[in-house]
Amino acid sequence: MAYTLPALPYAYDALEPYIDEQTMHLHHDKHHQTYVNNANGILEALSDEIKQLSPEALLANLDKVPSDKVTGIKNNVGGHVNHTLFWELLKVGTELKGELKAAIEKDFGTVDAFKEKFSAAAASRFGSGWAWLVLQNGKLAVVSTANQDSPLMGEKYSGVSGTPILALDVWEHAYYLKYQNRRADYIGAFWNVINWDKVAELYAQAKK
Ligand code: MN
């Protein structure tokens, strides 16, 4: 069962002016598509047991992957899973509220303190990678990963653990056309395009 590129759940210009239409086209149609194509190429050579796993389950079971394929799977199945999640997390005009807001205040002190911590993780990730809000042993935590690593891969493969509920892509391909070297401006803009309803949904699922 080959992976396919999911359509964006909104128009390419829906995140303007924070994330521009041209970046969304390149990022989704070209970069994400390449991860999907490469992942499918690597999967072809693997066992039926591995092919039958969902991409998320595959990331959580890298011990089952032949060692010479692990890096390819991390980069490309990771790239596919991370981007599929990222698109769903973006929307203009939603509000952080309710149980999720209370949990953020409990685990970080204030919403601003959380934003500062998340922004710092995104800004300080050297080179390419992701910043994450995860649920870890019942508590919210901010972590970051290199390349296309995901907390779903666990400590051994990504250096971190937890269930992702918010993610920010800080690869240059995510922002360079509009923001050039100004990653901090892109991170600042991100707070305007978070789909808090989706984050709340993921938080509720992760808590179960
Ligand atoms: Mn990306």
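# Domain contact and strand pairing

Q: What makes a residue pair between domain 1 and domain 2 count as a polar contact, and how many are there?
A: The pair needs N or O atoms within 3.5 Å, one able to donate a hydrogen and the other to accept it, and residues adjacent in sequence count only through side-chain atoms on both sides. Between domain 1 and domain 2, 10 residue pairs are in polar contact, with both residues at pLDDT 80 or more. The model is predicted, local features need pLDDT of at least 70 and side-chain atom pairs pLDDT 80 or more, while totals for chains, interfaces and linings use all residues. Numbering starts from 1 along each chain as its sequence is written, and side-chain values use heavy atoms, without hydrogens and water.

Q: Which helices supply at least two residues each of the side of domain 1 that touches domain 2?
A: They are H1 (21-43), H3 (55-59) and H4 (70-88), helices being DSSP runs (H or I, at least four residues) and strands likewise (E, at least two), numbered from the N terminus. H4 gives the largest share of this side, 11 residues.

Q: Where do domain 1 and domain 2 lie in the chain?
A: Domain 1 spans 21-88 and domain 2 spans 98-207, bounds that come from an automatic or database assignment. The contact (heavy atoms within 4.5 Å) involves 22 residues of domain 1 and 23 residues of domain 2. Over C-alpha atoms, the domain centres are 20 Å apart.

Q: Why is the pair Asp-149 and Lys-74 called a salt bridge?
A: The term requires a side-chain nitrogen of Lys or Arg within 4 Å of a carboxyl oxygen of Asp or Glu. For Asp-149 and Lys-74 the N to O distance is 3.7 Å, so the pair qualifies. Between domain 1 and domain 2 the count is 3 salt bridges.

Q: What does the salt bridge of Lys-64 and Glu-49 tie together?
A: The closest N and O atoms of Lys-64 and Glu-49 are 3.7 Å apart. Lys-64 sits in the loop between H3 and H4 and Glu-49 in helix H2 (residues 48-51), so the pair links parts 15 residues apart in sequence.

Q: How do you know that strands E1 and E2 are paired?
A: Pairing requires at least two DSSP bridges, and 8 bridges join E1 (residues 129-136) to E2 (residues 139-146), so the antiparallel strands pair. Trp-132 has Val-143 of E2 as its bridge partner. The hairpin of E1 and E2 has 2 residues between the strands, and Asn-137 takes a positive phi near 50° there.
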